[in-house]
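Me: Could you walk me through this structure step by step? I'm new to reading helices and would like to see the reasoning.

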Amino acid sequence: MKLTLRHALLSGRIDRIAIALSGLCVAHCFATAVILGLLASAGGMFDSPIFHEAGLVLAILLGAVALGHGALVHGYMMPAAIGSLGLGVMAGALTMDHGLQEGVYTLIGVGILALGHDLNHRAGR
């Protein structure tokens, strides 16, 4: 069956597509308003140095446990070694003043740690 614009109009397909797009638009507008409202009210909390420091400490602890467990289970040290480099960079970021430099070091450490976690996951398969 050849789909043409005329056929799509006559069968109501265009209307269904338009209704679906309208629904997505409403959902998008509502979600954007709610998310922006939540972010605006929580923004001060997320910018606090203590929030960042607590998150880094938790990530370092969980990362060390996961990488250590993986090394014990599958016996490969490379994922733990790479992940530990990331953990060290993240720990170093904890010693810096809250700002751009600390953020850059944190992101670098998190990226290296993520690579270690990925290698750890692959080694466990």
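Me: Against which helices do the buried residues of α4 pack?

Reply: Happy to help, and please keep in mind that this is a predicted model. The buried residues of α4 are Pro 79, Ala 80, Gly 83, Gly 86, Leu 87, Val 89, Met 90 and Ala 93. The helices they pack against are α3 (49–74) and α5 (100–123).

Me: Which elements does the protein chain have in total?

Reply: Reading from the N terminus on, the elements run α-α-α-α-α. The count for the protein chain is therefore 5 helices and 0 strands.

Me: How far apart are the end C-alpha atoms of α4, and what span should we expect?

Reply: Helix α4 covers residues 78–94, which is 17 residues. At 1.5 Å a residue, α4 should span 24 Å. The model agrees with that, because the end C-alpha atoms of α4 are 25 Å apart.

Me: What does the same check give for α3?

Reply: Helix α3 has 26 residues, so at 1.5 Å a residue the expected span is 38 Å. The value in the model agrees with this: the end C-alpha atoms of α3 are 37 Å apart.

Me: And how far apart are the end C-alpha atoms of α5?

Reply: Helix α5 has 24 residues, so at 1.5 Å a residue it should span 34 Å. Again the model agrees, with the end C-alpha atoms of α5 separated by 35 Å.

Me: How are α3 and α4 oriented relative to each other?

Reply: Two packed helices are described by the angle between their axes and the distance between the axes. For α3 and α4, the axes come within 10 Å and cross at roughly 165 degrees. α3 passes α4 in a left-handed crossing. Angles over 145 degrees count as roughly antiparallel, and therefore α3 and α4 are roughly antiparallel.

Me: Which residues of α4 meet α3?

Reply: On the α3 side, the residues taking part include Leu 56, Ile 60, Gly 63 and Leu 67. Some of these are also buried: Leu 56, Ile 60, Gly 63 and Leu 67 are among the buried residues of α3. Across from α3, the residues of α4 are Pro 79, Ala 80, Gly 83, Ser 84, Leu 87, Met 90, Ala 91 and Leu 94.

Me: What is the distance between the C-alpha atoms of Ala 64 and Ser 84?

Reply: Ala 64 lies in helix α3, and Ser 84 is among the residues of α4 that meet α3. Ala 64 is partly exposed, because its relative accessible area is 39%. Along the chain, Ala 64 and Ser 84 are 20 residues apart, while their C-alpha atoms are separated by 7.3 Å.

Me: How is α4 oriented relative to α5?

Reply: α4 and α5 pack with their axes 7 Å apart, at an angle of about 160 degrees. That angle makes the two helices, α4 and α5, roughly antiparallel.

Me: And how is α3 oriented relative to α5?

Reply: The axes of α3 and α5 come within 10 Å and cross at roughly 25 degrees. Angles under 35 degrees get their own label, which means that α3 and α5 are roughly parallel.

Me: What is the handedness of the crossing of α3 and α5?

Reply: In this pair, residues of α3 including His 52 and Leu 56 meet residues of α5, among them Glu 102 and Thr 106. The crossing of α3 and α5 is left-handed.

Me: Is Thr 106 buried or exposed?

Reply: Thr 106 has its place in helix α5. Leaving aside neighbours within four places in sequence, Thr 106 is in contact with His 52, Leu 56, Met 90 and Ala 93. What covers the buried residues of α5 includes α3 and α4. With a relative accessibility of 8%, which is why it falls under the 20% cut-off, Thr 106 counts as buried.

Me: Which residue just after α3 takes a positive phi?

Reply: Helix α3 covers residues 49–74. Just after α3, a positive phi of about 80 degrees is taken by Gly 75.

Me: What percentage of the residues in the protein chain is buried?

Reply: The accessible surface of the protein chain comes to about 8800 Å², and 74% of this belongs to carbon and sulfur atoms. Of the 125 residues in the protein chain, the buried ones make up 19%.

Technical notes: Residues are numbered from 1 along each chain as its sequence is written. This is a predicted model: local features need pLDDT of at least 70, side-chain atom pairs count only at pLDDT 80 or more; totals for chains, interfaces and linings use all residues. Side-chain values use heavy atoms; hydrogens and water are left out. Helices (H or I, at least four residues) and strands (E, at least two) are DSSP runs, numbered from the N terminus. The expected span of a helix is 1.5 Å times one less than its number of residues. Buried means under 20% relative accessible area, exposed over 50%, partly exposed in between (1.4 Å probe, protein chains only). Contact means heavy atoms within 4.5 Å. Accessible areas come from the Shrake-Rupley method with a 1.4 Å probe; for residues, only the protein chains shown count as cover. Axes are lines fitted to C-alpha atoms, for helices over the stretch in contact, and angles run from 0 to 180 degrees between N-to-C directions. Angles under 35 degrees count as roughly parallel, over 145 as roughly antiparallel, 65 to 115 as roughly perpendicular and the rest as oblique. A crossing is left-handed if the near helix is turned anticlockwise from the far one by less than a right angle, and right-handed if clockwise.
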